[in-house]
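Here are my notes on this model, point by point. Please read them with the structure open.

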Amino acid sequence: MTQVSEREPAEEHDPGAESASGDSLRDISGGAALHFGGKAASNGLGFVFNLLMTRTLGATLYGVFTYANTLIEFLMVLARLGTGKSILRFLPANADDPARSNWIIYVAYLTALGSSIVIGTVLYVFAPEINDLTLSDPLLVLVLQVLAIVLPFNTLLNLTNQIFRGLKRLELQVVVADVTQHLVRIFAVAVAFLLGFSLVGAVAAIAIGSILTLAIAVSLLYTKTNIRPLGKRSNGSLKHFYNYSLPLTLKDIGQKLYTRVDILMVGLFLTGSAVGIYRISILLSSFLVLPLQGINQLFPPVASDLNENGQRAELESVYQVITRWTFTIVIPPAIALVMYSHEALRIFGDGFSGGATVLALFALAQLTNCAVGPSGFLLMMTDHQYVNMINQWVLGVSNLILNYVLILQFGFIGVAVATAGSLAVINVVRVIEVWYLEGMTPYSRSYWKPIVAGILTVPVMAAWTFVLSGYPLLFVGAASGLVAFGLLLFAFGIEAEDKEFYADTIEPALAGLRG
């Protein structure tokens, strides 16, 4: 742990810090822009996939699929054993040591493969018992067994995408995770439905598509990078590797407890159709974290480099700027989802508008998530993985208890209150911990500008509810809110670092496009 006496004062001016900070911001923003573009495609394709599933299967069968997929997400976290996080931590730090890099990836692959085979086998055997305890739908057994067979392939696919991140080859991750995987899934289920199959046939088609996507990912890894995880022994330490990865396994499981246990609770106490409605509401709110996810693609390796080199002033500067950027980008769509939640959900059909309150609650929770920036990753990249593990488990267990209590009284609205509240609390806790342990804060004096602009944008968007309804209200209201928010920010003044970033990065790119 970094001691207080060793901290570099945030106020001390380093002549080279601004230039170095600009370089890091360009690296992160470049990765964020690429990721955002990829995620825009991913979410667009994901929207098509979910629309195809909901319109063809209906709320109940879609709920069965969602429930099974959520269980698989839990088990995949356990199957990875934190190896993806170890890759993000150690691969950039050993970029100049090919033998060590190959050894790290070899250990990660071998660990994930072995654990996923064991977990998949257990899931296949106990699928009937899981069904009896939850939805009591025979189709859930078959879906779980198909997904259990393909679990090792999905685990290795996820790990390969983490390798692309660790190598800062985000273009490869975008091609595989954001485009290819979704296109294959859409094509697979479309063919299954055209051939007359229903839920189980669609899931089997998705499983075959996952195997094909893994083959494409591994092919890109070997042809586009120098990684050759052949298992040659390096000077790496297994103890050091697992000392980092295993606590983060528990951390990731704890994270799932507060991000996905709600769906499991809805399926346990309510109906399959309720699961489907609840899932669609969460899906729409997840669009809000696109900017933060984009930032998080390259922030971990950049933060790891800066921390290893003792460039703490630059690290805090980058932390503050990208947090403000992320929060600023998310405010207009968050307001739109809160104010026009019924209209947004009707895109999937009138039957889904019952999740409007759930959507509004999660939109507010995701706004809080973006307001603290990459605080969780900063804790991990400064070797506070045990703190992260404790965070996730305390909040995860609390969320589990709150979910149980509130679902019995308020149905899935109570579940949304519990989960959204847990997400907001853990983000506040992370900011406090980063400040206490590392002496850094994500907030600068310019942070007031997006907050005030957002507050003043609310009445502009609310005014449209008196004259419009349905889709016109959603699109006109959202567009006018975005314009008003942008004009207010401009009136408040653009920050110097934003102008510098525009001049060094955006303006040359636009000039290149015009040329």
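**Notes on the predicted model**

1. Salt bridges. The structure holds three salt bridges. Keep in mind that this is a predicted model. Side chains of opposite charge can pair when their charged atoms come close. The three pairs are taken in turn below.

2. Arg 169 with Glu 171. Their side chains meet in a salt bridge, with N to O at 2.4 Å. Are these two residues buried, or partly exposed? Arg 169 counts as partly exposed because its relative accessibility is 25%. Glu 171 is also partly exposed, at 31% relative accessibility.

3. Arg 312 with Glu 438. The closest N and O atoms of this salt bridge are 2.8 Å apart. The pair links distant parts of the chain, 126 residues apart. Arg 312 sits in helix H11 (residues 312-339), and Glu 438 sits in helix H16 (residues 412-438). Both Arg 312 and Glu 438 are buried.

4. Glu 495 with Lys 449. Here the closest N and O atoms of the salt bridge are 2.4 Å apart. Glu 495 lies in the loop between helix H18 (470-492) and helix H19 (496-514), while Lys 449 lies in helix H17 (residues 448-463), so the pair ties together parts 46 residues apart in sequence. Why does Glu 495 count as buried? Its relative accessible area is 16%, and buried means under 20%. Lys 449 is buried too, with a relative accessible area of 12%.

5. Helix H5. This helix (residues 170-194) has 25 residues. From first C-alpha to last it reaches 35 Å, close to the 36 Å expected at 1.5 Å a residue. Where is the kink in H5 centred? It is centred on Thr 180, with a bend of about 35°. Just after H5, Gly 196 takes a positive phi of about 95°.

6. Nonpolar surface patch. Leu 250, Leu 268, Phe 269, Leu 270, Trp 393, Val 397, Ile 401, Tyr 404, Val 405 and Leu 408 form a nonpolar patch on the surface. Together they have about 840 Å² of accessible area. Helix H8 (261-269) and helix H15 (385-410) are the elements that give two or more residues to the patch. H15 supplies the largest share, six residues. An α-helix has 3.6 residues a turn, so residues three or four places apart point the same way. Leu 408, one of the patch residues, is found in helix H15. Leu 408 counts as exposed because its relative accessibility is 51%; the cut-off for exposed is over 50%.

7. Ser 446. This residue is in the loop between H16 and H17. Ser 446 is buried, with a relative accessible area of 10%. Which side chains make polar contacts with the side chain of Ser 446? Arg 324 does so at 3.3 Å. Ser 444 does so at 3.1 Å.

8. Val 358 and Ser 341. Val 358 lies in helix H13 (residues 356-371). Its relative accessible area is 1%, so Val 358 is buried. The C-alpha atoms of Val 358 and Ile 413 are separated by 6.0 Å, although these residues are 55 residues apart along the chain. Ser 341 belongs to helix H12 (residues 341-345). Ser 341 is buried, at 7% relative accessibility. A polar atom of the Ser 341 side chain lies 3.5 Å from the backbone oxygen of Ala 356.

9. Helix H2. This helix (residues 83-90) is mostly covered. How many of its residues are buried? Eight of its eight are. Among them are Lys 85 and Arg 89, along with Ile 87, Leu 88 and Phe 90.

10. Positive phi values. Most residues other than glycine have a negative phi. Leu 81 has a positive value, near 55°. Leu 81 is in the loop between helix H1 (17-80) and H2. At 21% relative accessibility, Leu 81 counts as partly exposed. Ser 136 also has a positive phi, near 55°. Ser 136 lies in the loop between helix H3 (98-133) and helix H4 (138-166).

Note on methods:
Residues are numbered from 1 along each chain as its sequence is written. This is a predicted model: local features need pLDDT of at least 70, side-chain atom pairs count only at pLDDT 80 or more; totals for chains, interfaces and linings use all residues. Side-chain values use heavy atoms; hydrogens and water are left out. A salt bridge is a side-chain nitrogen of Lys or Arg within 4 Å of a carboxyl oxygen of Asp or Glu. Buried means under 20% relative accessible area, exposed over 50%, partly exposed in between (1.4 Å probe, protein chains only). Helices (H or I, at least four residues) and strands (E, at least two) are DSSP runs, numbered from the N terminus. The expected span of a helix is 1.5 Å times one less than its number of residues. The bend at a residue is the angle between axes fitted to the seven residues ending there and the seven starting there. Patches are made of residues with over 30% relative accessible area and no salt bridge: like charges are joined within 9 Å, nonpolar side chains (Val, Leu, Ile, Met, Phe, Trp, Tyr) within 5 Å. Accessible areas come from the Shrake-Rupley method with a 1.4 Å probe; for residues, only the protein chains shown count as cover. A polar contact is a pair of N or O atoms within 3.5 Å; within protein, one must be able to donate a hydrogen and the other to accept it, and residues adjacent in sequence count only if both atoms are side-chain atoms.
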